[in-house]
Amino acid sequence: MPNLNSAFTQIGRGFAAFLAPPSPDVIRFTVGQPDFDTPLPVVNAAIESLKRGETTYTRSQGSETLCQAVSEHLSKFDIDVDGNDVVIAPGCKQALLYSMMAVIEPGDEVLLLAPAWPSYDGMIKLLGGVPIHVPVHRPNYHPDIEALRNAVTSKTKAIVINSPNNPTGAVYTSDEIQQLVNLAIDSDLWILDDMIYSTLVWGDNKYTSPNSFEGGPERTLTIGGWSKGWAMTGWRLGWVAGPTEAIEAVKTCQASSATHVATFLMPAAEVALTLEKEIDAMADSFANRRLMFHEGINSLPGVSAPMPEGAFYILADVSGTGMTDIEFATRALDEAKVQVIPGSLMLGGDNLIRMSYATSLEDLKEGIRRLKTWLIQIN
Ligand SMILES: Cc1ncc(COP(=O)(O)O)c(C=O)c1O
């Protein structure tokens, strides 16, 4: 067999090994998706579009009306981009890949705030770039600006920001975002701002865009999508918005690969952006669960976690249990029948366990009860 692209020897599949569906008696704190159905008006809009026969090739960038609707949605977050500078991609993940393709060349270094969602690392390596993992502060998981500044070299090309954050649950303050923008200006970096959890914020900090600060708009690609806030993970719909020249490159990426997202999904995505009460109800439900879950997790012997500020994850330190995170995750599955993600699957995540609270209150309570019984038993 001829040689494969050697990049694949260095790229993992993120959390995949610990996401495998276990037996039905296992409680899963692993799945990073809302436990709600997609709101019915969205589903109906897709069905109606199919009935109208909207099944042919269409505008590669995404329909004009949907790009305009995304532009209007972004304006609520202080992001001022023209509809023509928006591309609709097959998922936020693909939107991130296009954004990286637009700015990263082989050998370029890209700053990640560690522990970072593992797909960033894989995408950067796929493009021949070099991910540089810079640890965040403990225990609040907020950016260490000084450490980021020290990590910049002549090869640094971009920084990836994700707030609210997966896996940490942190939401960066407006002051922190401003400092990140300043750093990007001083070192002439692109900012890839993954805002996928922007509508899921629980604390005092709201999602703040780098576009809110002088010098931000010309160096920021804003990437987001419908998966988390609208319970639309399987629809594979995301967006990229940013400066015209960069978006022209993103349009070329899409035209050279996916062509466009499914034609009949676009009217549905547009309807999703008009919904308020359905979206708020889902967000409120997560906000309530996080209080109970945070309290429960901190009541486990040897386990502690800061209060999540957004998204639907808790990142807990399990070093007090005397187990590594891999040992904890493996034994929790075998002995307590609870599935969790070990943090060391991400650089900078040693001793940490990521748990999602996007599951029913009953399962959250039962999972905590099982973990507590197990930890008490083995001590
Ligand atoms: C930080 C982050 N960005 C992007 C995505 C991917 O979103 P999508 O499913 O729309 O590709 C995820 C999904 O887990 C995520 O956690």
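**View 1. L112, L113, A116, W117, Y120, V160, I161, N162, N165, N166 and Y172 line the largest cavity.** This is a predicted model, with local features needing pLDDT of at least 70 and side-chain atom pairs pLDDT 80 or more, while totals for chains, interfaces and linings use all residues. Residues count from 1 along each chain as its sequence is written, and side-chain values use heavy atoms, leaving out hydrogens and water. Search the whole structure and you find one cavity of 30 Å³ or more (cavity: points on a 1 Å grid over the protein atoms alone where a 1.4 Å probe fits but cannot get out; lining: an atom within 4 Å of a point). The largest cavity holds about 60 Å³ of space (volume: the space filled by probe spheres on points joined across faces, edges and corners).

**View 2. Strands β3 and β5 at the wall of the largest cavity.** β3 (109-114) and β5 (156-162) each put at least two residues into the lining of the largest cavity (strands: DSSP E runs of at least two residues; helices: H or I runs of at least four; both numbered from the N terminus). The largest share comes from β5, with three residues. Sorted by class, the lining of the largest cavity has eight nonpolar residues, three polar ones and no charged ones (nonpolar: Ala, Val, Leu, Ile, Met, Phe, Trp, Tyr, Cys, Pro; charged: Asp, Glu, Lys, Arg; polar: the others, Gly among them).

**View 3. The largest pocket and its lining of 45 residues.** Now for the open space: the largest pocket has a volume of about 1100 Å³ (pocket: an open set of grid points with protein on both sides within 12 Å along at least five of seven lines). Nearest the centre of the largest pocket are R13, G14, K93, W117 and S119. Three helices, α1 (16-19), α4 (92-103) and α5 (118-126), each supply at least two lining residues of this pocket. α5 gives the largest share, eight residues. The class tally for the lining of the largest pocket is 21 nonpolar, 15 polar and nine charged residues.

**View 4. The ligand in the largest pocket.** The space taken by the ligand is the largest pocket (a molecule sits in a pocket if more than half of its atoms lie within 2 Å of its grid points). Around the ligand are 13 residues, with N166, D194, Y197, S227 and K228 coming nearest (near: a heavy atom within 4 Å). This shell splits into five nonpolar, four polar and four charged residues.

**View 5. Polar contacts of the ligand with C92, Y197 and R236.** A ligand oxygen lies 2.9 Å from a polar backbone atom of C92 (polar contact: N or O atoms within 3.5 Å). At Y197, a side-chain N or O atom is 2.7 Å from an oxygen of the ligand. R236 also has a side-chain N or O atom 2.7 Å from a ligand oxygen. Taken alone, the ligand exposes 390 Å², and the protein buries 92% of that (Shrake-Rupley areas, 1.4 Å probe).

**View 6. Cis peptide bonds at P115 and P139.** Most peptide bonds are trans. A114 and P115 are joined by a cis bond, with omega about 5°. P115 belongs to the loop between β3 and α5. From R138 to P139 the bond is cis too, with omega near 0°. P139 sits in the loop between β4 (130-135) and α6 (145-151).

**View 7. A positive phi at T259.** T259 is not a glycine, yet its phi is positive, about 75°. Look for T259 in the loop between α8 (244-255) and α9 (266-272).

Note on methods:
Polar contact = N/O pair within 3.5 Å; in protein donor to acceptor, adjacent residues only side chain to side chain.
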